[in-house]
Amino acid sequence: MHLILLGPPGGGKGTQAKKLQDDYGLVQLSTGDMLRAAVASGSEIGLKAKAVMEAGKLVSDEIVIGIIDDRIQQPDANKGFILDGFPRTVAQAEALDRMLGERGIKIDAAIEVRVPDSMIVERITGRFTCAQCGAGYHDKFQRPKIDGKCDACGGTEFTRRADDNAETVQKRLDAYHAQTAPILPFYEKKGVLKVVDGTLPIDDVTKRLKQIVEGVTVG
Ligand code: ADP
Ligand code: ADP
Ligand code: ZN
């Protein structure tokens, strides 16, 4: 199974990808996570990407295509994957098509998690993550069961992203509409585009996604 989750920053792609990967034995491939790891390690790619990410702009196609090309060749990607945050431009979508074509892989579904801009600032400014295991939370919509303690690993340290502030959110939304939304017709033409209502509570979005995934597997 090979899935793509599309949708605006803060729309819930990462949250849902983590749930689906456990249920269907897939691996989540998040270019955002990979780039943040590169920034943290101080690698050459990280040095190039840091300022671009903090400004809410897109990192160059060349860099992210290279990262994904390496990543899908790793053995764990053989079991199937969920792309989260890639592709984000038409050039990336075309490059992905070539990479998968060479390996005889087809995308089963490209699912747009649709959330209006008006809800995104609250989603993003409330986002935080367990520093130990990476589990995602939200100040209002997804609090840990015990305040200050990660449900998944018991960790007590949390982080917030440098780019998750109200000013940068608008730039990221602009980039989404100008550069990423144009890839929706690309997948529509292939007949694999599906849409879920990303304004619903987290578990309801998961239910709809599973209906789509199971429909794709059966159909
Ligand atoms: P993305 O990966 O698309 O950028 P995330 O999955 O990180 O988005 O979600 C952004 C924030 O919104 C997180 O803090 C998450 O807990 C919260 N969130 C995700 N989905 C929902 C939802 N359906 N309703 C309310 N909050 C949500
Ligand atoms: P979000 O879903 O909240 O926008 P991501 O973690 O997917 O966050 O991405 C964070 C930042 O990393 C983006 O704003 C962008 O600078 C960079 N980035 C991630 N994926 C890509 C990509 N496919 N192409 C270009 N830049 C990317
Ligand atoms: Zn944790």
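A residue counts as buried under 20% relative accessible area, as exposed over 50%, and as partly exposed in between. The exercises below apply this and other ideas to a predicted model.

**Exercise 1. Classify Cys 130 and Cys 133 as buried, partly exposed or exposed.**

Solution. Step 1: the relative accessibility of Cys 133 is 39%. This value falls between the two limits, so Cys 133 is partly exposed. Step 2: Cys 130 has a relative accessibility of 2%. Because this is under 20%, Cys 130 is buried.

**Exercise 2. Describe the site of the zinc ion (ligand 3): its donors, their spacing and its geometry.**

Solution. Step 1: identify the donors. The protein supplies the SG atoms of Cys 130, Cys 133, Cys 150 and Cys 153, at 2.3 to 2.4 Å from the zinc ion. Step 2: read their spacing along the chain, which is C-x2-C-x16-C-x2-C. Step 3: examine the angles among the four donor atoms, which run from 100 to 114°. Four donors count as tetrahedral if all angles lie between 85 and 135 degrees, and the zinc site is therefore tetrahedral.

**Exercise 3. Determine what surrounds ligand 2 and how much of its area the protein buries.**

Solution. Step 1: the shell consists of 20 residues, and the closest are Thr 31, Lys 57, Arg 88, Arg 127 and Arg 172. Step 2: sorted by class, this shell has eight charged, seven nonpolar and five polar residues. Step 3: helix H2 (residues 31-41) contributes the most, with four residues. Step 4: consider the polar contacts to oxygen atoms of ligand 2. A polar side-chain atom of Arg 172 is 2.6 Å from one such atom, the corresponding distance for Arg 36 is 2.9 Å, and for a side-chain N or O atom of Arg 161 it is 3.1 Å. Step 5: ligand 2 alone exposes 550 Å², of which the protein buries 97%.

**Exercise 4. Carry out the analysis for ligand 1, from its shell to its covered area.**

Solution. Step 1: ligand 1 is surrounded by 19 residues, and the closest are Thr 15, Arg 127, Tyr 137, Gln 142 and Leu 200. Step 2: by class, there are eight nonpolar, eight polar and three charged residues. Step 3: helix H1 (13-24), strand S6 (136-138) and helix H9 (202-218) each provide at least two shell residues, and H1 gives the most, with three. Step 4: backbone N or O atoms take part in contacts with oxygen atoms of ligand 1, at 2.8 Å for Gly 10 and 2.8 Å for Gly 14. A nitrogen atom of ligand 1 lies 3.3 Å from a side-chain N or O atom of Arg 123. Step 5: on its own, ligand 1 has 560 Å² of accessible area, and the protein covers 91% of this.

How values were computed: Residues numbered from 1 in each chain as written. Chains lettered and ligands numbered in written order. Predicted model: local features only at pLDDT ≥ 70, side-chain atom pairs only at ≥ 80, totals over all residues. Heavy atoms only, no water. Near = heavy atom within 4 Å. Polar contact = N/O pair within 3.5 Å; in protein donor to acceptor, adjacent residues only side chain to side chain. Areas by Shrake-Rupley, 256 points an atom, 1.4 Å probe, with all protein chains shown as cover. Nonpolar A, V, L, I, M, F, W, Y, C, P; charged D, E, K, R; others polar. Donors = N, O, S within 2.8 Å, 3.2 Å for Na, K, Ca; no water. Tetrahedral: all angles 85-135°; square planar, octahedral: opposite > 155°, others 65-115°. Buried < 20%, exposed > 50% of the residue type's maximum accessible area, 1.4 Å probe, protein only.
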